[in-house]
Amino acid sequence: MTTQVTNVDKKLFLGRVEEQKQVRAAFVELLDSPDRDEELPYVCLLYGDGGMGKTTLAKRFRDIAEGEAPFADSFQYLWVDWEDERKKLPGLQVGREHISADVVFKGIYSAVIRNKWGRQFPAYRKAIKQGSEAEKRVAEVLAGDDSWDELAVLRSVGVGAIAKIIRTRLPFIGEVGEQLVQTFLESGIEMGAEQATKIRASLETYLRAQLKPNHFDHFLNPNEQLAIALARGLEKVSAKKPLIVFLDSYEIVDRADIWVRAVIRASGPRVMWVICDNNDLVNSRQYGNEYFKGYADDSPRRLLAYNMRPLAVDDIKLYFESQGRAFTDAEIETISRVTRGIPLAVQTIAELLGTDTPLAELVGDLSDGSLGAQVVRKMTDRYMQHVVAEADKQALYALVLARGDVDILRAMLAPDAGSSFNLNTLLRRLERDYSSVHANRTRLHDDPALFIQEYIKSDVRRTSAMVQTLNERA
């Protein structure tokens, strides 16, 4: 099939032919009356490192749904860019492991309000209210003078600690039992696993007797109640026309994916979810002690997944020809080599050429395909855009500089003498937070490593205190 050329947000878009073909087929199925036994929504996962065109492809899907026959005027869509939402919601301006499900739900609901669909979400607003009422009622119970002597030890710890204790679920064995003990310890109460289990069970029995059933459900598992209520609203919206929900920059909130997935499952078969994430959410895998269950294991059908591949040489050639720029085959090969076919890097070269910057300045010596500083900077900024903590930036730089040598990497990242340090735990956490990290090989994936390595080489960065410290330790 001939490569398709069109525009997305007034910028040239080409390639991704198979992806568009398959999403059109999914749209057709969404428009058909779903089989009465069908309960699953459609899920489309776009994943890969920054700059690979995930957002652009999602917008292309949106344009197909909005403007192509037979889809025009047949869909509604909701767009949530978590990069934008993070600027608005304080609850997203924390480390990813601390982003709570209720804040993620709030971000989706904020987009709902912008679309003026708030009338369809009374159940969600009621769930928030009942959750608040449940916490107030627990506070009243704690302050009461009832005879619950066995639980007197918990009177002083507060509602927040009680909530953590009660939400640690059965069975209390292995790691879960340790978590329960740790939860008590964080509340200032030291006890063994057996005693903690006994007190937690007594606490649940006591609260069940003191609270209304709906209040206890909201206190025991507020995330589940909010997820169901939010999904109910989305299902109501989709009753008029099928709904496409786009979740962009999802890597910011994907630690809460288990609860977003609860919304997805409950939203019904007339909703399609297009999720753009740096991380691979398709396949199940282990992150240290954490096991991630991939969508492929969770969704037996109605799942589209695209690992964003680089642009082919022919696509790159057509991209420049469509802009009136003719390059020799050797020049196109060089552009392909230095950009690795990454759409953002190709686009950056095209934009800079428009300012009359010579090609040789952007790609370096055409004979060796070295990298131009402006392209390196743009790509590194994209790879590092979600790296907030200086310690994480240092760790990523170290992974680049160590080039897979574990001893050098450990020397670079080990804290001052006397502090405990587990390199494997750190690598697993980095791998979970940043898709470019390959924990088993103790290095970054090739493309990010190439651009970041060139970035560090500049005089300003290689003489910085951080990089010099890493080199001295090595």
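## Arg255 and Asp433

The side chains of Arg255 and Asp433 meet in a salt bridge, 2.8 Å from N to O. The term covers a side-chain nitrogen of Lys or Arg within 4 Å of a carboxyl oxygen of Asp or Glu. This pair ties together distant parts of the chain: Arg255 sits in the loop between E5 and H11, Asp433 in helix H20 (residues 423-433), and the two positions lie 178 residues apart. Helices (H or I, at least four residues) and strands (E, at least two) are DSSP runs, numbered from the N terminus.

How covered are the two partners? Asp433 is buried because its relative accessible area is 5%, while Arg255, at 23%, comes out as partly exposed. The cut-offs: buried is under 20% relative accessible area, exposed is over 50%, and partly exposed is in between, with a 1.4 Å probe and protein chains only.

A word on the model itself: it is predicted, so local features need pLDDT of at least 70 and side-chain atom pairs count only at pLDDT 80 or more, whereas totals for chains, interfaces and linings use all residues. Residues are numbered from 1 along each chain as its sequence is written, and side-chain values use heavy atoms, with hydrogens and water left out.

## More salt bridges

By the same N-to-O rule, the count comes to 29 salt bridges. One of them pairs Glu29 with Arg302, with the closest N and O atoms 3.3 Å apart. Here too the pair links distant parts of the chain, with Glu29 in helix H1 (residues 17-31) and Arg302 in the loop between helix H12 (295-298) and strand E9 (303-307), 273 residues apart. Arg302 is buried, since its relative accessible area is 7%; Glu29 has 35% and therefore counts as partly exposed.

Arg60 and Glu68 form another salt bridge, their closest N and O atoms being 3.3 Å apart. Arg60 is buried at 10% relative accessibility, and Glu68 is partly exposed at 21%.

## Around helix H11

Which residues of H11 are buried? They are Asp257, Val260, Arg261, Ala262, Val263 and Ile264. As background, an α-helix has 3.6 residues a turn, so residues three or four places apart point the same way. Just after H11, Gly268 takes a positive phi of about 95°.

On the other side of the helix in sequence is the loop between strand E5 (243-248) and helix H11 (257-266), and this is where Ser249 is placed. Ser249 has a phi near 50°, a positive value in a residue other than glycine. With a relative accessible area of 11%, Ser249 is buried.

## Helix H2 and the loop after it

Lys59 is found in helix H2, and a relative accessible area of 21% makes Lys59 partly exposed. The C-alpha atoms of Lys59 and Phe246 are separated by 8.9 Å, although the two residues are 187 positions apart along the chain.

The loop between helix H2 (54-67) and strand E4 (76-81) holds Pro70, and backbone fans get two oddities here. Ala69 and Pro70 are joined by a cis peptide bond, with omega at about 5°. Asp73, in that H2-E4 loop as well, has a positive phi of about 65° although it is not a glycine. Is Asp73 buried or exposed? Its relative accessibility is 63%, so Asp73 counts as exposed.

## Strands E3 and E9

Strand E3 (residues 42-47) and E9 pair in the parallel sense over five bridges; two strands pair if DSSP finds at least two bridges between them. Leu303 in E9 is the bridge partner of Val43. E9 has a covered face, made of Leu304 and Tyr306, and an uncovered one with Leu303, Ala305 and Asn307.

## A positive patch

On the surface, Lys126, Lys129, Arg232 and Lys236 gather in a patch of positive charge. A patch takes residues with over 30% relative accessible area and no salt bridge, joining like charges within 9 Å and nonpolar side chains (Val, Leu, Ile, Met, Phe, Trp, Tyr) within 5 Å. Lys and Arg count as positive, Asp and Glu as negative, with His and the chain ends not counted. The place of a charge is NZ of Lys, CZ of Arg, CG of Asp or CD of Glu, and accessible areas come from the Shrake-Rupley method with a 1.4 Å probe.

Which helices supply the patch? Helix H5 (122-143) and helix H10 (222-240) each give at least two of its residues. Lys236 is found in H10 and counts as partly exposed because its relative accessibility is 41%.
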